[in-house]
Amino acid sequence: MIEYYTFKHRGAADEYKDEVFLRLVPNLTVAIFNGNKLDSPKSQSLLFSEILSSDEGNKSFDYLHKVFDDCLDDDSEFLILRVEQNGIESIRRGDVSAKIVRHGQISLLPNGYFGLSSDDSIICATSNFFKYISDEGILADALVSGSCNEWMNMMIRRISDQTQLKCGNLSAVNLKLNR
Amino acid sequence: MFDYSILPDETVSAIIVALVLFAFSFVFFLICSLYSLIKYMVYTNKHKEKPGLICDVAYFHERGKRENQEDSIYVSPMDKVEETGFVAACSDGMGGLLNGEVVSKYVTDSLSERFPYKFDAQEDNSRIISEISNKVYEEYHLGAGATLVMVHIYDGYMNFYSLGDSNIILIRNNRATLLNYKQNYITLMIKKCAESGMDTGLAYKDNRAKGLIDFVGNLDCNVLKTSRPLRLIENDIIIVSSDGVTDSMPLNRIVNYIHFDQNAIGIARSLKYAVRARKNPRQDNYSAVVIKMKRSFV
């Protein structure tokens, strides 16, 4: 079973320029679009979502990458995760990244295919989210929390303690595997 | 050629005995050498990998401007640490309520009585803490309470347990991180604000929001615990402390007072004097157990 939770917050900015995308079938696909460096982020994030929702969203990541290169602005940043049967496949561009908690340790999720084991936890977020929270904090919260919702709330508390959530757009998705 | 026939019989016998003894001692020497060589190879094979992580431990337990010392600490015996692991706890009697020192002492004494704890039985261990809390509730009916933080370190991994707003701080790569979140109303307010898309400034303005939502002395309390252990690495520093330490010394400044190459005693001493140097007129009691992870064969 895979549990997930998404978090989107304007962070006292004028507008929310990111986008979080989820697709459940045929495989769980999670995508985060970071439009902070774009002049017109809305049109780009819509385009991003449209491509992922279409049939092309199911195709290989190599193909998807080419499509995004053709269609999206060079400054648009994104991360896409697709949960396969025994692992997870990811591609990223720019400052959106994912971290994995495994065996009491935390590390950056590499690009490409990565095998998963039971009890793995993954957090993907924009750099603005990771900026205010240490790896050890993410790790401790992942190990203490019983659900994705609880884990996210603990991380938000850490960001809030430093910024009172007045730090600009915050976008994150976390996943917990219970196999 | 030598003609031994001219030697007396006694001399020949003596030479034969000497030769036999020499042969015997030579064989004995070979056996001993072979045995030593095998022993040496077994030892070097056994210690091929890095030496294990051990805990270097120190503590301080100081009274601030309060009348009573309401903090209490517990450090488990170290004689069977390879089997039982190492446990350290700090309990802080709740200010504003009566018998803070009695409750915090009761908590650490109860933890001591129940030692050893199974490392992988986090549920059972948190139930033990919950039972201690229920006993305090039965005695005082919310008229007294304490916070509790406890760490259990075994074979390079750490589980932790927390009730209230005391601290478990991990210092790694010269950065201090609070591992346990504080169980107070601020947490609830932040959750509400974040869910509704607001900033959380409001949550920090109201002093009443610092009130605890869970503590030892609450009925059927919700013990914060790790469901899986956290992996420790060499030179990690863990500080299990009451809030008297962090009230006078913010988390991000702690690393300014300690040095990477200090041992646990040095770190504890530095922290203690750093808090004292603040000369806070309302200094709360301040206590901490400092654990530094070191590699050693011993």
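Student: Why is strand β6 of chain A described as largely enclosed?

Tutor: First, keep in mind that this is a predicted model. A residue counts as buried when 20 or more other C-beta atoms lie within 10 Å of its own. In β6(A), residues 96–102, 5 of the 7 residues are buried, so the strand is largely enclosed by the rest of the structure.

Student: What makes β6(A) and strand β9 of chain A a pair?

Tutor: Two strands pair if at least two bridges are found between them. β6(A) and β9(A), residues 121–126, are joined by 6 bridges and run antiparallel, so they pass the cut-off of at least two. As an example, Ser97(A) stands opposite Ala125(A) of β9(A).

Student: Which sense of pairing links β6(A) to strand β7 of chain A?

Tutor: The antiparallel one, over 4 bridges, with β7(A) covering residues 105–108. Have a look at Val101(A), which faces Ile106(A) in β7(A). These two strands make a hairpin with 2 residues between them, and His103(A) there has a positive phi near 50°.

Student: Where do these strands sit in a sheet?

Tutor: They belong to an open sheet of 5 strands in chain A, ordered β1-β10-β9-β6-β7 and paired antiparallel. β1(A), residues 2–9, and β7(A) are at the edges; each has a single partner strand, so one side of each has no neighbour in the sheet. Ignoring direction, neighbouring strands in this sheet are turned by 15° against each other on average.

Student: What is the strand order of the other open sheet of chain A?

Tutor: That order is β2-β3-β4-β5-β8, 5 strands with antiparallel pairing.

Student: Why are β2 and β8 of that sheet called edge strands?

Tutor: Count the partners: β2(A), residues 19–23, and β8(A), residues 112–115, each have a single partner strand, so one side of each is left without a neighbour in the sheet. The average turn between neighbouring strands, direction ignored, is 15° here.

Student: How many bridges make β4(A) and β5(A) a pair?

Tutor: There are 6, in the antiparallel sense, between β4(A), residues 77–83, and β5(A), residues 87–93. Arg82(A) has Glu89(A) of β5(A) as its bridge partner. Helix α1(A), residues 41–53, packs on this sheet, where the helix touches β2(A), β3(A) and β4(A) and its direction makes about 10° with that of β2(A).

Student: What makes helix α4 of chain A largely enclosed?

Tutor: The burial count again: 9 of the 10 residues of α4(A), residues 135–144, are buried, so the helix is largely enclosed by the rest of the structure. Among the buried ones are Glu136(A), Asp141(A), Ile138(A) and Leu139(A).

Student: Why are α5(A) and α5(B) described the way they are in terms of their angle?

Tutor: The two helices pack at about 95°, with their axes 10 Å apart. Angles from 65 to 115 degrees count as roughly perpendicular, and therefore α5(A) and α5(B) are roughly perpendicular to each other.

Student: Which residues meet there?

Tutor: From α5(A) come Asn153(A), Ile156(A), Arg157(A) and Ser160(A), and from α5(B) come Thr187(B), Ile190(B), Lys191(B) and Ala194(B). Sorted by class, this contact has 3 nonpolar, 3 polar and 2 charged residues.

Student: How many residues of the two chains are in contact overall?

Tutor: The contact involves 24 residues of chain B and 23 residues of chain A. On the side of chain B that touches chain A, the largest share comes from α5(B), with 4 residues. That side is made up of 10 nonpolar, 7 polar and 7 charged residues.

Student: What makes strand β3 of chain B mostly covered?

Tutor: In β3(B), residues 86–93, 7 of the 8 residues are buried. The strand β2(B), residues 71–75, is joined to β3(B) by 5 bridges and the two run antiparallel; here Asp71(B) has Asp92(B) as its bridge partner. β3(B) also pairs antiparallel with β4(B), residues 146–154, over 8 bridges, and Ala88(B) is partnered there by Val151(B).

Student: Which domains does chain B have?

Tutor: Chain B is divided into domain 1, residues 4–46, and domain 2, residues 53–295. Their C-alpha centres lie 65 Å apart.

Definitions and conventions. Residues are numbered from 1 along each chain as its sequence is written. Chains are lettered from A and ligands numbered from 1 in the order in which they are written. This is a predicted model: local features need pLDDT of at least 70, side-chain atom pairs count only at pLDDT 80 or more; totals for chains, interfaces and linings use all residues. Two residues are in contact if their C-beta atoms, placed from the backbone, lie within 7 Å. Ala, Val, Leu, Ile, Met, Phe, Trp, Tyr, Cys and Pro count as nonpolar, Asp, Glu, Lys and Arg as charged, and the others, Gly among them, as polar. Domain bounds come from an automatic or database domain assignment. A residue is buried if 20 or more other C-beta atoms lie within 10 Å of its own, exposed if 12 or fewer, and partly exposed in between; C-beta atoms are placed from the backbone. Axes are lines fitted to C-alpha atoms, for helices over the stretch in contact, and angles run from 0 to 180 degrees between N-to-C directions. Angles under 35 degrees count as roughly parallel, over 145 as roughly antiparallel, 65 to 115 as roughly perpendicular and the rest as oblique.
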